[in-house]
Amino acid sequence: MTNFHPDLETITEYAAGSLPLAQAACVSIHVSYCRHCQGIAGQLTSLGAALFETLEPVPVGDTQLNAVLARLDEEVPLQYANGKEQASATPAILQRLMRGDFSDLSWKNIGSTLRISYLKTGDPKHEFALYHIRAGGRIPMHTHRGSEMTLILEGGFSDADGSYHKGDFLVRRPGDVHAPTALQSEDCICLAVLDAPLKFTDWKFRWMNPFLTLHTA
Ligand SMILES: [Zn+2]
C-alpha cells in the first residue's frame with residue numbers, strides 16, 4: 001500500500017507520453033506498484049485515445065514518413081536479461097534497465113552507509129540512479145539544485161517531513177533541504193531521478209560539491 005503518489009499533472013504527462021524518459025520510467029515503476037495510480041493512468045489513456053479519434057487526419061510529408069520507417073531498423077534500446085524477470089518481483093521495466101537484478105549492478109560506495117548505481121535510460125538530461133542505504137544509515141544533509149523524483153523500491157526512509165515505504169513516490173523541488181535516514185529494521189533501496197546534481201549543506205561533505213556531476217544517458 002503506497003501513501004505518496006505522483007500529482008495529477010505528472011500522471012497526465014506520463015499517460016500522454018510527454019515526460020522525459022527517465023522520469024517516465026520512474027512513474028511507470030510506481031504505477032506498477034500502485035493500483036490507485038494504475039486506475040488514473042488507465043482513465044487518462046482511454047481519454048487520450050478518445051480525443052485522438054476526434055482529430056481530423058493531417059497529411060505528412062515524405063521526410064516524416066521516412067523518419068518513422070527508419071526507426072524499424074533501429075536496435076531495440078532495452079533488452080531483457082536471460083529470462084530472470086520470470087522469477088522476480090522487481091518491476092519488469094526496472095529489470096530491463098538493470099539488465100538483471102540488484103546483485104548484477106556495479107555500485108559506487110559513498111562512505112560506509114551509502115552506495116549508488118547509475119543506470120542508463122537513454123535520457124540525456126536526467127540522472128537515473130539507485131541508492132542503497134544501510135539500515136539506519138543517513139544520507140548527509142543536502143539541498144537540490146534542480147528537481148528530484150524519488151521512488152522507494154525496498155525498505156524505507158524518514159526525514160523531517162515524514163516516513164516513506166516501498167512504492168512511495170516523492171518529488172523534491174529546488175531549495176528543499178533534507179537528510180533521509182533509512183529505517184532501522186532493513187536496508188533501503190530507492191530510485192532517484194535528478195535534473196541537476198545534489199548539493200551537500202553538511203560542512204563535512206561540502207568539499208564534494210564542485211565534483212558532483214550528473215550521470216546521464
Ligand atoms: Zn500511486
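## Exercises on a zinc site and two pockets

His5 is partly exposed, with a relative accessible area of 28%. The model is predicted.

**Exercise A.** Identify the protein donors of the zinc ion and state which arrangement the angles around the zinc ion give.

*Solution.*
- Step one, the atoms. Two histidines donate through nitrogen, His5 by ND1 and His30 by NE2, and two cysteines, Cys34 and Cys37, donate through SG. These donors lie 2.0 to 2.3 Å from the zinc ion.
- Step two, the angles. The 4 donor atoms subtend angles of 97 to 115 degrees around the zinc ion.
- Step three, the test. Four donors count as tetrahedral if all angles lie between 85 and 135 degrees. The arrangement around the zinc ion is therefore tetrahedral.

**Exercise B.** Write the spacing of the zinc donors along the chain, then work out which parts His5 and Cys34 tie together.

*Solution.*
- Step one, the spacing. Along the chain the donors of the zinc ion follow H-x24-H-x3-C-x2-C.
- Step two, the locations. His5 sits in the segment before α1 (8-16), while Cys34 sits in the loop between α2 (21-33) and α3 (35-53), so this pair ties together parts that are 29 residues apart in sequence.

**Exercise C.** Classify His5 and Cys34 as buried, partly exposed or exposed.

*Solution.*
- Step one, the cut-offs. Buried means under 20% relative accessible area, and exposed means over 50%.
- Step two, the values. Cys34 has a relative accessible area of 3%, so Cys34 is buried. His5, at 28%, is partly exposed.

**Exercise D.** Describe the largest pocket by volume, lining and residue character.

*Solution.*
- Step one, the volume. The largest pocket holds about 290 Å³ of space.
- Step two, the lining. It is lined by 18 residues; Ile110, Ile116, Tyr118, Met208 and Leu212 lie nearest its centre.
- Step three, the elements. Two or more lining residues come from each of β1 (108-110), β2 (114-119), β3 (127-133) and β12 (198-200). β2 provides the largest share, 3 residues.
- Step four, the character. The lining of the largest pocket divides into 14 nonpolar, 2 polar and 2 charged residues.

**Exercise E.** Do the same for the second largest pocket.

*Solution.*
- Step one, the volume. The second largest pocket has about 240 Å³.
- Step two, the lining. Of its 11 lining residues, Leu21, Ala24, Ala25, Ser28 and Ile93 are closest to the centre.
- Step three, the elements. α2 and α5 (92-98) each give two or more residues to this lining, and α2 has the largest share with 4 residues.
- Step four, the character. The lining of the second largest pocket has 8 nonpolar, 3 polar and no charged residues.

Methods. Residues are numbered from 1 along each chain as its sequence is written. This is a predicted model: local features need pLDDT of at least 70, side-chain atom pairs count only at pLDDT 80 or more; totals for chains, interfaces and linings use all residues. Side-chain values use heavy atoms; hydrogens and water are left out. Donors are N, O and S atoms within 2.8 Å of the metal (3.2 Å for Na, K and Ca); water is not among the atoms, so sites may look incomplete. Four donors count as tetrahedral if all angles lie between 85 and 135 degrees; four count as square planar and six as octahedral if opposite donors are over 155 degrees apart and all others between 65 and 115; anything else is irregular. Buried means under 20% relative accessible area, exposed over 50%, partly exposed in between (1.4 Å probe, protein chains only). On a 1 Å grid over the protein atoms alone, a cavity is a set of points where a 1.4 Å probe fits but cannot get out, and a pocket is an open set with protein on both sides within 12 Å along at least five of seven lines; lining residues have an atom within 4 Å of a point. Grid points are joined across faces, edges and corners, and a volume is the space filled by probe spheres set on the points. Ala, Val, Leu, Ile, Met, Phe, Trp, Tyr, Cys and Pro count as nonpolar, Asp, Glu, Lys and Arg as charged, and the others, Gly among them, as polar.
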